[in-house]
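Work through the exercises below with the model open. Try each task before reading its solution.

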Amino acid sequence: MDLPFQQISTQYQVRRITEEDLPELLSLAQGNPTYYEHMHERPELETLREDLTKLPPRTTPEDKYFLGFYREDRLCAVLDLILHYPNPETAFIGWFILRKDLQGRGVGSAILHELLFHLPFRYIRLGYVKGNRESERFWKKHHFAPTGVEPAGDGYTIVVMQLGRGDTHTFGIMDQPPQPGWDYGDYAPENYVCAWVKDDLLNQAGEALSEIDVYWDSLDRPGKGLAWYGVTLIPPAAIFPLLAAVGGRTGFQKLTKLLERAKVENKFIIHFGI
C-alpha cells in the first residue's frame, strides 16, 4: 500500500527526508542528546545517511517512510515509519524525534494523534531504550504497553511497546462504491482512511445502531445494524442516522469526524467488526 503521508498532518507540511536534508536532520538530532546518551552514541552524518534507507528483516523500500514535518520550511519533527512490520497488521515507528524547543508543549502528542488516525493498522509497535524515562512516559501516556520483548542492542536494551486495537471496530471511507457481487468480508483496513472505536463504547450505542439499513459483506446481503463480528457496508443514506447514534458521545470524536467527511463526499463507509 502507498501511505498518503502528505495528509497525515493538518499543522505541518510532511515530506520524505532526503540526503539534501541531512545537515538539518543532524542539527535536530544534536539537539536531542538524551536520546543518544542512552545508546552511548553521538549523532553523525554518516549514520543518519544509513538511517534513511535502513530496513528491518522481511521489509522492502516501499514499506519505509522516513518523513520530516516542516513549518515555514523549518524541520520540526522526524518520523521513521515501517509498514507491515513485524507482520502485515502492524506498523513500526522507528524514529520519532521532535525539535528540542518544541518539546513539552504538546506538539509531539498532536503529531502522534493525527498519525494514529491515518494509520490503517490493527497494531502500532515501537521500541525505546531501557532507562530512557522520558521516552517511556511519553509512550505510556499514549497507551502503548510493553510487549515483554526486550532485545539487546549494542550496549543497551530495547523495550518493545505496542498499541493494540484488538477489541475494536474499524470504520473506513471507501474511495469507490462497493461493486455488486463482490465479497468484502476480509479484514483489510489498510485500503482505507480509518477510525477505531472500542467495542465496549460501541456497545453503548448498539440499540440506536440496530435499525440502520446496511449491507453485510456484500451488496447482495442487505441487513440492519452493524455486523458485530463481520464486515458492514454502510451506504451514504445511512450515514446521517449513524451520526445521530454516535454524535456527541464520549470516545466517538474520530469516528464522527470520519462520518462527517464521508457525508460531505457522499461515500460508502466500510465497518470491520471485532
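The exercises cover helix packing, a loop residue and cysteines in this predicted model.

**Exercise 1.** Determine how α8 and α9 are oriented to each other, and which residues meet.

Solution.
- Step 1. Locate the helices: α8 spans residues 239-246 and α9 spans residues 253-265.
- Step 2. Take the geometry. The two helices pack at an angle of about 160°, and their axes lie 10 Å apart.
- Step 3. Classify the angle. Angles over 145 degrees count as roughly antiparallel, and α8 and α9 are therefore roughly antiparallel to each other.
- Step 4. Assign the hand: α8 and α9 cross in a left-handed sense.
- Step 5. List the contacts. From α8 come Ile239, Leu242, Leu243 and Val246. They meet Leu255, Thr256, Leu259, Glu260, Ala262 and Lys263 of α9.
- Step 6. Sort by class. The contact of α8 with α9 holds 7 nonpolar, 1 polar and 2 charged residues.

**Exercise 2.** Place arginine 249 in the fold: where is it found, and what does it touch?

Solution.
- Step 1. Find the segment. Arginine 249 sits in the loop between α8 and α9.
- Step 2. Check accessibility. The relative accessible area of arginine 249 is 32%, so this residue is partly exposed.
- Step 3. Look for contacts beyond four places away in sequence. Arginine 249 touches Gln204 and Ala205.
- Step 4. Compare sequence and space. Arginine 249 and alanine 205 are separated by 44 residues in sequence, with 8.9 Å from C-alpha to C-alpha.

**Exercise 3.** Describe the packing of α4 with α5: what are the angle, the hand and the contacts?

Solution.
- Step 1. Locate the helices: α4 covers residues 107-118, and α5 covers residues 133-141.
- Step 2. Take the geometry. The packing angle is about 45°, with the axes 11 Å apart.
- Step 3. Classify the angle. At that value, α4 is oblique to α5.
- Step 4. Assign the hand: the crossing of α4 and α5 is right-handed.
- Step 5. List the contacts. Gly108, Ser109 and Leu112 of α4 meet Phe138, Trp139 and Lys141 of α5.
- Step 6. Sort by class. This contact of α4 with α5 has 3 nonpolar, 2 polar and 1 charged residues.

**Exercise 4.** How many disulfides does the structure hold, and are cysteine 76 and cysteine 194 buried or exposed?

Solution.
- Step 1. Recall the bond. A disulfide joins the sulfur atoms of two cysteines covalently.
- Step 2. Search. Across the whole structure, 0 disulfides are found.
- Step 3. Apply the burial cut-off, under 20% relative accessible area. Cysteine 76 has 4% relative accessibility, so it counts as buried.
- Step 4. Repeat for the other residue. Cysteine 194 has 0% relative accessibility, so it is buried too.

Note on methods
Residues are numbered from 1 along each chain as its sequence is written. This is a predicted model: local features need pLDDT of at least 70, side-chain atom pairs count only at pLDDT 80 or more; totals for chains, interfaces and linings use all residues. Side-chain values use heavy atoms; hydrogens and water are left out. Axes are lines fitted to C-alpha atoms, for helices over the stretch in contact, and angles run from 0 to 180 degrees between N-to-C directions. Helices (H or I, at least four residues) and strands (E, at least two) are DSSP runs, numbered from the N terminus. Angles under 35 degrees count as roughly parallel, over 145 as roughly antiparallel, 65 to 115 as roughly perpendicular and the rest as oblique. A crossing is left-handed if the near helix is turned anticlockwise from the far one by less than a right angle, and right-handed if clockwise. Contact means heavy atoms within 4.5 Å. Ala, Val, Leu, Ile, Met, Phe, Trp, Tyr, Cys and Pro count as nonpolar, Asp, Glu, Lys and Arg as charged, and the others, Gly among them, as polar. A disulfide is a pair of cysteine sulfur atoms within 2.5 Å. Buried means under 20% relative accessible area, exposed over 50%, partly exposed in between (1.4 Å probe, protein chains only).
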